[in-house]
Amino acid sequence: MNKKECIAFYISSHGFGHLTRSLALIEYLLQHTSYCIYLCSGELQVSYAKIYLNKYADRVCYSVQKTDVGLINKENSLCVNLEATNS
């Protein structure tokens with residue numbers, strides 16, 4: 001049985017910054033290797049990735065999951081607001 005190597009990407013569904021940076025790497029891997037890709041992210045991100053990676057559709061599989069926990073930061077800070085996040 002011929003096994004293919006696969007790389008999994010779990011990408012935050014918070015915006016598109018993490019996705020677009022990952023898509024550049026994924027595209028490079030698909031162009032230069034025979035790897036298959038498993039990409040898990042939010043619905044909007046997966047929809048975008050399917051369009052972007054369309055020519056590699058036979059080597060990419062997708063899973064739509066909530067991958068952002070909804071972390072809320074304190075105003076003007078990078079510190080987590082635990083009370084707001086937990087409510």
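# Legends to close-up views of the predicted model

**View 1. Overall composition of the protein chain.** Buried residues account for 28% of the 87 residues in the protein chain. The model is a predicted one. Its secondary structure consists of 3 helices and 3 strands, which follow one another from the N terminus in the order β-α-β-α-β-α. Of the contacts in the protein chain with a separation of 6 or more, 57% join residues that are 24 or more positions apart.

**View 2. Dimensions, surface and charge of the protein chain.** The radius of gyration of the protein chain is 16 Å, whereas a compact globule of 87 residues would have a value near 12 Å. Along the principal axes, the C-alpha atoms occupy a box of roughly 50 × 25 × 20 Å. The protein chain exposes about 6,300 Å², and 54% of this area is supplied by carbon and sulfur atoms. Its charged side chains comprise 8 positive and 7 negative ones, with 8 Å between the centres of the two sets.

**View 3. The cysteines Cys 6, Cys 36 and Cys 61.** A search of the whole structure returns 0 disulfides. Cys 36 takes part in no disulfide, and the cysteine sulfur nearest to its own, that of Cys 6, is 5.8 Å away. Cys 36 is buried because its relative accessible area of 15% falls under the limit of 20%. For Cys 61, the closest cysteine sulfur is likewise in Cys 6; the separation is 5.9 Å, and the two sulfurs are therefore too far apart for a bond, a disulfide being a pair of cysteine sulfur atoms within 2.5 Å. With a relative accessibility of 39%, Cys 61 is classed as partly exposed.

**View 4. The surroundings of Ile 37 in strand β2.** Strand β2 covers residues 36-41 and includes Ile 37. The relative accessible area of Ile 37 is 1%, so this residue is buried. Apart from residues up to four places away in sequence, Ile 37 touches Cys 6, Ile 7 and Phe 9, then Ile 26, Leu 29 and Leu 30, and finally Arg 59, Val 60 and Cys 61. Tyr 56 lies 19 residues from Ile 37 along the chain, and 9.5 Å separates the C-alpha atoms of the two.

**View 5. The surroundings of Gln 45 in helix α2.** Helix α2 spans residues 43-52 and contains Gln 45. Gln 45 counts as buried because its relative accessibility is 4%. When neighbours within four places in sequence are set aside, the contacts of Gln 45 are with Ser 12, Ser 13, His 14, Gly 15, Phe 16 and Leu 19. One of these residues, Phe 16, is 29 residues from Gln 45 in sequence, and their C-alpha atoms are 6.8 Å apart in space.

**View 6. Ala 57 in the loop between α2 and β3.** Ala 57 belongs to the loop that connects helix α2 (43-52) with strand β3 (60-64). Its relative accessible area is 48%, so Ala 57 is partly exposed; the class of exposed residues begins over 50%. Phe 9 is 48 residues away from Ala 57 along the chain, and the C-alpha atoms of Ala 57 and Phe 9 are separated by 15 Å.

Notes:
Residues are numbered from 1 along each chain as its sequence is written. This is a predicted model: local features need pLDDT of at least 70, side-chain atom pairs count only at pLDDT 80 or more; totals for chains, interfaces and linings use all residues. Side-chain values use heavy atoms; hydrogens and water are left out. Helices (H or I, at least four residues) and strands (E, at least two) are DSSP runs, numbered from the N terminus. The radius of gyration is taken over C-alpha atoms; the globule rule is 2.2 Å times the number of residues to the power 0.38. Buried means under 20% relative accessible area, exposed over 50%, partly exposed in between (1.4 Å probe, protein chains only). Contact means heavy atoms within 4.5 Å. Accessible areas come from the Shrake-Rupley method with a 1.4 Å probe; for residues, only the protein chains shown count as cover. Lys and Arg count as positive and Asp and Glu as negative; His and the chain ends are not counted. The place of a charge is taken as NZ of Lys, CZ of Arg, CG of Asp or CD of Glu.
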